[in-house]
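The following report describes a protein chain, beginning with a single residue and moving from there to the fold, the charged pairs and the surface. Please read it alongside the sequence and the coordinates.

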Amino acid sequence: LIPQGGGEHMSGHRCAGEWLTIESMKQAVDFLINRITYEVPDQDLTFSLSRMPTLPRSGFIMRNIKSQQYE
């Protein structure tokens with residue numbers, strides 16, 4: 001299963017929003033790594049392979065979330 005398409009983007013066989021999605025993911029990862037601090041407590045991160053989209057059983061819990069201070 002390749003939901004976004006499996007062909008070359010130049011030949012038109014890719015998702016029209018693929019590049020926007022990739023850039024959005026880059027921004028989200030940058031925010032989580034460089035712009036906030038947080039703790040991830042112990043939780044049930046197992047997931048079902050019979051459900052689409054699948055999610056961790058406990059969700060994903062973050063606590064003590066704080067903005068990074070830049071000088």
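In which strand does Asn64 lie? The residue belongs to strand E2, and the backbone there deserves a closer look.

## Backbone features

The model is predicted, and the backbone values reported here are computed from it. Asn64, in strand E2, has a positive phi of about 50°, although Asn64 is not a glycine. With a relative accessibility of 45%, Asn64 counts as partly exposed.

A second backbone feature is found at Pro53, a residue of the loop between E1 and E2. The peptide bond that joins Met52 and Pro53 is cis, with an omega of about -10°.

## Overall architecture

The secondary structure of the chain consists of one helix and two strands, and along the sequence these follow the pattern α-β-β. The helix, H1, covers residues 18–35, while strand E1 covers residues 36–39 and strand E2 covers residues 63–67.

Of the 71 residues in the chain, 8% are buried. Among contacts with a separation of 6 or more, 38% are between residues 24 or more positions apart. The chain exposes about 6400 Å², and carbon and sulfur atoms supply 59% of that area.

## Salt bridges

How many salt bridges does the chain contain? The count comes to three, and each pair can be described in turn.

Glu23 and Lys26 form a salt bridge in which the closest N and O atoms are 3.1 Å apart. Because these two residues are three positions apart in helix H1, about one helical turn separates them. Glu23 is partly exposed, with a relative accessible area of 41%, and Lys26 is likewise partly exposed, with a value of 48%. Another salt bridge brings together the side chains of Asp30 and Arg35, with an N to O distance of 3.2 Å. Asp30 counts as partly exposed at 25% relative accessibility, and Arg35 counts as partly exposed at 40%.

The remaining pair is Glu39 and Arg63, whose closest N and O atoms are 3.4 Å apart. This pair links distant parts of the chain, since Glu39 lies in strand E1 and Arg63 in strand E2, 24 residues apart. Glu39 has a relative accessibility of 39% and counts as partly exposed, as does Arg63 at 44%.

## Nonpolar surface

Which residues form the nonpolar patch on the surface? The patch is made up of Val29, Phe31, Leu32, Ile33, Tyr38, Val40, Leu45, Phe60 and Ile65, which together have about 820 Å² of accessible area. Helix H1 provides the largest share of the patch, with four residues.

Leu32, one of the patch residues, is found in helix H1. At 34% relative accessibility, Leu32 counts as partly exposed, and this value is consistent with patch membership because patches are made of residues with over 30% relative accessible area.

## Elements in context

Taken element by element, these features can be placed along the chain. Helix H1 holds the pair Glu23 and Lys26 and also supplies four residues of the nonpolar patch. Strand E2 contains Asn64 as well as Arg63, the partner of Glu39 in strand E1, and the loop between E1 and E2 contains Pro53.

How values were computed
Residues are numbered from 1 along each chain as its sequence is written. This is a predicted model: local features need pLDDT of at least 70, side-chain atom pairs count only at pLDDT 80 or more; totals for chains, interfaces and linings use all residues. Side-chain values use heavy atoms; hydrogens and water are left out. Buried means under 20% relative accessible area, exposed over 50%, partly exposed in between (1.4 Å probe, protein chains only). Contact means heavy atoms within 4.5 Å. Accessible areas come from the Shrake-Rupley method with a 1.4 Å probe; for residues, only the protein chains shown count as cover. A salt bridge is a side-chain nitrogen of Lys or Arg within 4 Å of a carboxyl oxygen of Asp or Glu. Patches are made of residues with over 30% relative accessible area and no salt bridge: like charges are joined within 9 Å, nonpolar side chains (Val, Leu, Ile, Met, Phe, Trp, Tyr) within 5 Å.
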